[in-house]
Amino acid sequence: GAGCPAGVSCQSGSCTLPDGGAGACESDSDCPAGQSCSAFGTCAAASCAGALAGASCTLPDTATDGTGICCGSTCSDSLWDQSNCGGCGIACGAGQQCLYGDCAPAIACGSANPGEVCLVSSGVEGICCGSSCVDFNGDAQNCGGCGAACPVGASCFGGFCFSQDGGFAACTPPAVGCPAGTLCGDGLCEAASCGSGVDFCFLGVDSFAGACCGGSCVDLTIDPANCGSCGTTCASGVCVAPGYSNAPSLGLCLPPVSSGSCGSAGGCPQDGSENCVDDVCLENDCASLESYLCATPSGRAGACCLDETVGVFCADLANDPANCGGCGNTCPSGQSCVDGVCSGSVSPCLAGHVNDGCTLASGPFGICCPGGGCSDPSSDAQNCGGCGNACAAGQSCVAGVCG
């Protein structure tokens, strides 16, 4: 029952244009009679009335997949439907829920599994936010993720916020359009502080949401006291943030300096491609892109960073003032880098807070920049509009622009 748009042929099970490209529908008018265009550009039965069992049908735009299957007169999302899990008539038993088309033990949301996939109700995928399973595809208070709220008056479809006229909806920093108690970060309204049931929180206007750990909002990608997960402490004092596409999505502790022998690893390769650092064999360079960590020429553990001019290279994040604590975090001239922190850094912008939001003495919003305290990007000539954007001699910073 899955049809191709008009003028498009079916080749090897895919709708294909005459020039060989993928042929997808954009609206219902592109599809054969009786079919409609799904959110994923495929044509399928608009209604299951009279359709054969198992025929493809079109699900609402808020569904995880654009097409379902006809089970009786109902279009079922067999990835999440308790009564039709993986196929028509396959029902999950007591204490089970349908996840990705398989019956699995039911998930109880709590503090131990924030963000885990769960089932809001039969046929509706969700994620754990606090003790509740929420529909991140349609919940305006958790749109696309826990605690990511849409601006006031906007609705959530498919994990994105839309205004009443159908366009994308985004807030304006620091809090224009946001509900009370939230601040605008990356276009969404995030909790200004961590409280009961709050898992994710505001880090800064250009940052993804932070995580609530012990009542504090932290950055799991760079915080050495909460590296990758709440309470994971780095002995080296450096939590490495993702630097390129092969990197982990959360922070990774930089191994501390020690006299490891790599005996537990059976020794490092004899071709000299790797060195032993803290009893771990690390690549001497990042050419293969197989590992995120690497061995620097000084014998310390480093991280693979990507630079548009030189490509991928191994940086000593613990000591390099050009990459202090993270790729591209440059300390101001004359400052050194010690354990991933620029020597001029002061509270609250110490380790684990570079580029995070902070509170200015003169107002609600600032940003932590390397080698300093809380900076106002709207007026700081050394960090105009963002960290490291220094204005030229004779210029000043007005509304985040040098002039």
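**Surroundings of Ser236 and Ala295, and a three-stranded sheet**

The backbone oxygen of Leu254 is placed 2.4 Å from a polar side-chain atom of Ser236. This distance, like the other values reported here, comes from a predicted model. A further polar contact of the Ser236 side chain, at 3.3 Å, is made with the backbone nitrogen of Val238. Ser236 itself is situated in the loop that lies between β19 and β20, the latter spanning residues 239–240. With a relative accessible area of 14%, Ser236 is classed as buried, because this value falls under 20%. When residues up to four places away in sequence are set aside, Ser236 is in contact with Leu254, Pro255, Pro256 and Asp339.

Strand β19 also belongs to an open sheet of three strands, arranged in the order β17-β18-β19 with antiparallel pairing. The edges of this sheet are occupied by β17 (200–201) and β19 (216–218); each has a single partner strand, so one side of each lacks a neighbour in the sheet. Between β17 and β18 (residues 210–213), two bridges are found, and these strands run antiparallel. Phe200 has Ala211 of β18 as its bridge partner.

A second buried position is provided by Ala295, located in strand β24, which covers residues 293–295. The relative accessibility of Ala295 is 2%, and the residue therefore counts as buried. Its contacts, again leaving out residues up to four places away in sequence, are Asn275, Val277, Leu282, Glu283, Asn284, Arg300 and Cys314. The C-alpha atoms of Ala295 and Ala315 are separated by 8.8 Å in space, while the two residues are 20 residues apart in sequence.

Technical notes. Residues numbered from 1 in each chain as written. Predicted model: local features only at pLDDT ≥ 70, side-chain atom pairs only at ≥ 80, totals over all residues. Heavy atoms only, no water. Pairing = 2+ DSSP bridges. Helix = DSSP H or I, 4+ residues; strand = E, 2+ residues; numbered from the N terminus. Buried < 20%, exposed > 50% of the residue type's maximum accessible area, 1.4 Å probe, protein only. Polar contact = N/O pair within 3.5 Å; in protein donor to acceptor, adjacent residues only side chain to side chain. Contact = heavy atoms within 4.5 Å.
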